[in-house]
Amino acid sequence: MNRTEFIVTTAIILFVAFCLGWFANWLIHRFTRVSQADVDQLERMSQELHEAEETRDQAITYLQQREAELTNQLAQTEAELSAAMEGLREARHEAEELRAYLERQGHA
């Protein structure tokens, strides 16, 4: 094999290797390309996720407000119950004092 044949053979081998590499690259990009439908679907999913997060935030805010209202109402109810129990205690004490007074008046 002389020098010219070696150069031609090497050039052919390099050209075939280049063509195979180019074809492999084309195949990879062909199968991994993202279609417009996929991009649209991702956009729609992103929008739905954003809306769901906003709805969640609104629900959390509503629940926090409702919890504050209920806590306030519970505190008021407990205060009213405490006042009513204190009034009942005083009324029982007065009733006991009146019974004792009536018993003393009846025996005297």
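For counting charges here, Lys and Arg are positive while Asp and Glu are negative, with His and the chain ends left out. On that basis the protein carries 10 positive and 19 negative charges, and the mean positions of the two sets lie 8 Å apart. Keep in mind that you're looking at a predicted model.

Now for the overall build. The protein has 2 helices and 0 strands. Its C-alpha atoms fill a box of roughly 150 × 30 × 15 Å along the principal axes. The radius of gyration tells a similar story: the protein has 45 Å, whereas a compact globule of 108 residues would be near 13 Å.

What share of the 108 residues is buried? The answer is 0%, where buried means under 20% relative accessible area. The exposed surface of the protein comes to about 10,200 Å², and carbon and sulfur atoms supply 61% of that area.

Back to the charges, this time as pairs. Side chains of opposite charge can pair when their charged atoms come close. How many salt bridges does a search of the whole structure find? It turns up 5, taking a salt bridge as a side-chain nitrogen of Lys or Arg within 4 Å of a carboxyl oxygen of Asp or Glu. Let's walk through some of them along helix α2, which covers residues 36-107.

Start with Arg-44 and Glu-48, whose side chains meet in a salt bridge at 3.4 Å, N to O. These two residues sit 4 apart in helix α2, so about one helical turn separates them. Arg-44 is partly exposed, at 45% relative accessible area, and Glu-48 also counts as partly exposed, at 43%.

Next come Arg-66 and Glu-69, another salt bridge, with the closest N and O atoms 3.3 Å apart. Here the spacing is 3 residues in helix α2, so Arg-66 and Glu-69 are again about one helical turn from each other. Glu-69 has a relative accessibility of 47% and is partly exposed; Arg-66, at 36%, is partly exposed too.

Finally, look at Glu-86 and Arg-89. Their side chains form a salt bridge with an N to O distance of 2.7 Å. What separates this pair along the helix? Glu-86 and Arg-89 are 3 residues apart in helix α2, which means about one helical turn lies between them. Glu-86 is partly exposed, with 37% relative accessibility.

Technical notes:
Residues are numbered from 1 along each chain as its sequence is written. This is a predicted model: local features need pLDDT of at least 70, side-chain atom pairs count only at pLDDT 80 or more; totals for chains, interfaces and linings use all residues. Side-chain values use heavy atoms; hydrogens and water are left out. The radius of gyration is taken over C-alpha atoms; the globule rule is 2.2 Å times the number of residues to the power 0.38. Buried means under 20% relative accessible area, exposed over 50%, partly exposed in between (1.4 Å probe, protein chains only). Accessible areas come from the Shrake-Rupley method with a 1.4 Å probe; for residues, only the protein chains shown count as cover. The place of a charge is taken as NZ of Lys, CZ of Arg, CG of Asp or CD of Glu.
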